[in-house]
Amino acid sequence: MKCDEIFRYSGWYVPPVHSTALPAAVEPWLLCPGSLTQKLKSYQPGFRLQLLNEQTLALPEALADRWQTRLGLQRQVILYLGEQPCVFGQSFLPDHTLQALTPLADLGEQPLGDYIFQQPDLVRGEIEVACFAQGLVLPELGIQPEVWARRSFFALQQHELLVQEVFLAGLFKQ
């Protein structure tokens with residue numbers, strides 16, 4: 001499976017409260033309601049973000065329908081602790097969100113979480129999780145072993161965006 005297929009993966013679900021189905025090591029990361037960027041920064045020194053791409057594209061059909069627009073920005077990043085890649089992040093922002101919230105269009109190497117979690121009107125939707133079997137292919141990182149991921153819709157000033165985060169094996173080697 002390629003990273004462009006993460007959104008369409010059928011295995012996304014909202015975990016039940018007090019579920020024992022999630023691996024103990026990854027559960028606090030998957031269900032963290034706050035900023036993953038801040039959690040990583042406080043977990044280990046050496047946080048950095050590598051921007052892989054930030055491009056305008058035709059949104060996946062379900063997002064285009066939800067947001068009533070065809071175009072948006074896809075942003076892909078790797079979050080590191082030291083030299084260890086720990087999280088692959090993929091976000092989708094519809095064009096009208098970028099027009100209303102212009103700082104989101106020019107983040108560059110700045111983490112998305114550093115911006116959105118400073119906004120007082122931020123609303124986070126439900127956290128969905130998924131387990132991807134060995135074979136997920138991520139840019140710059142290649143084929144992955146079994147990995148867990150989460151995703152959430154966020155709203156700022158009633159403008160939505162989607163953030164998907166894949167937790168890499170390197171996070172658990174720290």
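## Asp 114 and Lys 41

Asp 114 is buried in this predicted model. Its relative accessible area is 15%, and burial here means under 20%. The side chain of Asp 114 meets that of Lys 41 in a salt bridge, with N to O at 3.3 Å. The pair links distant parts of the chain. Asp 114 belongs to helix α5 (residues 112-116). Lys 41 belongs to helix α2 (residues 36-43). The two residues are 73 residues apart.

Lys 41 counts as partly exposed, at 35% relative accessibility. The bridge therefore joins a buried acid to a partly exposed base.

## Other salt bridges

The structure holds six salt bridges. Among them is the pair of Arg 75 and Glu 54, whose side chains meet at 2.7 Å, N to O. Arg 75 lies in strand β2 and Glu 54 in strand β1, so this bridge ties together parts that are 21 residues apart in sequence. Arg 75 counts as buried, at 3% relative accessibility. Glu 54 counts as partly exposed, at 28%.

Another of the six joins Glu 160 to Arg 66, with the closest N and O atoms 2.7 Å apart. This pair also links distant parts of the chain. Glu 160 sits in strand β9 (residues 159-167) and Arg 66 in helix α3 (residues 61-67). They are 94 residues apart. Arg 66 is partly exposed, with a relative accessible area of 45%.

## Strand β2 and its partners

Strand β2 spans residues 71-81 and is mostly covered. Of its 11 residues, 10 are buried. Arg 75, already met in the salt bridge to Glu 54, lies in this strand.

Strand β2 pairs with strand β1 (residues 47-58) in the antiparallel sense, over 11 bridges. Gln 55 has Gln 74 of β2 as its bridge partner. Strand β2 also pairs with strand β3 (residues 84-94), again antiparallel, over 10 bridges. Here Leu 79 stands opposite Val 87 of β3. Strands β2 and β3 form a hairpin with two residues between them. In that hairpin, Gly 82 takes a positive phi near 65 degrees.

## The surroundings of Trp 29

Trp 29 is found in helix α1 (residues 27-30). The residue is buried, with a relative accessible area of 5%.

Setting aside residues up to four places away in sequence, Trp 29 touches Leu 36, Lys 39, Leu 40, Tyr 43, Arg 150, Phe 167, Leu 171 and Phe 172. Several of these contacts can be placed. Leu 36, Lys 39, Leu 40 and Tyr 43 fall within helix α2, residues 36-43. Phe 167 falls within strand β9, residues 159-167. Trp 29 is also 120 residues from Ala 149 along the chain, yet their C-alpha atoms are separated by 9.3 Å.

## Cysteines

A search of the whole structure finds zero disulfides. Why does Cys 32 form no such bond? Its closest cysteine sulfur, in Cys 86, is 15 Å away, which is too far. A disulfide needs the sulfur atoms within 2.5 Å. Cys 86 is likewise in no disulfide, and its nearest cysteine sulfur is that of Cys 32.

Both cysteines are buried. Cys 32 has a relative accessible area of 13%. For Cys 86 the value is 0%.

Terms used. Residues numbered from 1 in each chain as written. Predicted model: local features only at pLDDT ≥ 70, side-chain atom pairs only at ≥ 80, totals over all residues. Heavy atoms only, no water. Buried < 20%, exposed > 50% of the residue type's maximum accessible area, 1.4 Å probe, protein only. Helix = DSSP H or I, 4+ residues; strand = E, 2+ residues; numbered from the N terminus. Pairing = 2+ DSSP bridges. Salt bridge = Lys/Arg side-chain N within 4 Å of Asp/Glu carboxyl O. Contact = heavy atoms within 4.5 Å.
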